[in-house]
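Take a moment to look over the sequence and turn the structure around in your viewer. Then let us walk through it together, one part at a time.

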Amino acid sequence: MFKNSKAVPVDGPVETLIGPKVVLQGDLHFDGGLYIEGRVVGRVIAGEDAKAVVTLAEGGSIEGEVRAPMVVINGRVDGDIHASGRVQLAP
């Protein structure tokens, strides 16, 4: 599942996976770990979980705002990123 991904390792478990062939339209609210290999057209917003992490894989994309304590970007984001903790950008 993650064999071709060059993503930066994530701290903690991944509870939600958006696969490479998935296109999600609309706002996505999550807690815990979120790993996106596909395409999200809408906002990606972490809930009250202070350890929430969104990781965008190399082939993934987000067209909208991202709000989470920790954000790891390997793919493409067309929108604003708001992180209360940190943002990691891959090469």
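**From the surface to the core**

Let us begin on the outside, where Ile81, Val87 and Leu89 make up a nonpolar surface patch with about 270 Å² of accessible area together. Keep in mind as you look that this is a predicted model. Ile81 belongs to strand E11, which covers residues 81-89. With a relative accessibility of 31%, Ile81 counts as partly exposed, because that class takes in values between the limit for buried, under 20%, and the limit for exposed, over 50%.

E11 leads us to a neighbour, strand E9. E9 and E11 are paired in the parallel sense, over seven bridges, and one pair to look for is Ala68 with its bridge partner Ala83 in E11. E9 also has other partners. With E7 it forms a parallel pairing over four bridges, where Leu56 has Ile73 in E9 as its bridge partner. With E6, which runs parallel to E9, there are two bridges; here Ile45 is matched with Arg67 in E9. Is E9 enclosed or open? Seven of its eight residues are buried, so E9 is largely enclosed by the rest of the structure.

Now step inside. The largest nonpolar core has 16 residues, and Phe30, Leu34, Ile36, Val44, Val54 and Ile62 are those with the most contacts within it. Strands E3 (28-30), E4 (33-36), E6 (44-46), E7 (53-56) and E9 (66-73) each supply at least two residues of this core. The largest share, four residues, comes from E9. To see one core residue in its surroundings, pick Leu34: leaving aside residues up to four places away in sequence, Leu34 touches Thr16, Ile18, Leu28, Val44, Val53, Val54 and Thr55.

A second set of strands is worth finding. Four strands make an open sheet with parallel pairing, in the order E2-E5-E8-E10. Its edges are E2 (23-25) and E10 (76-77), each of which pairs on one side only. Strand E8 (residues 61-63) pairs with E10 in the parallel sense over two bridges, and Ile62 stands opposite Val77 in E10.

Between E4 and strand E5 (39-41) there is a loop that holds Glu37. Is Glu37 buried or exposed? Its relative accessibility is 11%, so Glu37 counts as buried, the limit being under 20%. The C-alpha atoms of Glu37 and Pro20 are separated by 4.6 Å, although the two residues are 17 apart along the chain.

Finally, let us turn to charged side chains. How many salt bridges does a search of the whole structure find? There are four. In one of them, Arg43 meets Asp27, with the closest N and O atoms 2.9 Å apart. This pair links distant parts of the chain, since Arg43 lies in the loop between E5 and E6 and Asp27 in the loop between E2 and E3, 16 residues apart. Arg39 and Glu63 form another salt bridge, at 2.8 Å from N to O. Arg39 is in strand E5 and Glu63 in strand E8, so this pair ties together parts that are 24 residues apart in sequence. Arg39 is partly exposed at 35% relative accessibility, and Glu63 is partly exposed at 32%. Asp78 and Arg76 also meet in a salt bridge, with 3.1 Å from N to O. Here Asp78 is partly exposed at 39%, whereas Arg76, at 54%, counts as exposed.

Key:
Residues are numbered from 1 along each chain as its sequence is written. This is a predicted model: local features need pLDDT of at least 70, side-chain atom pairs count only at pLDDT 80 or more; totals for chains, interfaces and linings use all residues. Side-chain values use heavy atoms; hydrogens and water are left out. Patches are made of residues with over 30% relative accessible area and no salt bridge: like charges are joined within 9 Å, nonpolar side chains (Val, Leu, Ile, Met, Phe, Trp, Tyr) within 5 Å. Accessible areas come from the Shrake-Rupley method with a 1.4 Å probe; for residues, only the protein chains shown count as cover. Buried means under 20% relative accessible area, exposed over 50%, partly exposed in between (1.4 Å probe, protein chains only). Two strands pair if DSSP finds at least two bridges between them. A nonpolar core is a set of buried Ala, Val, Leu, Ile, Met, Phe, Trp, Tyr and Cys residues joined through side-chain atoms within 4.5 Å. Contact means heavy atoms within 4.5 Å.
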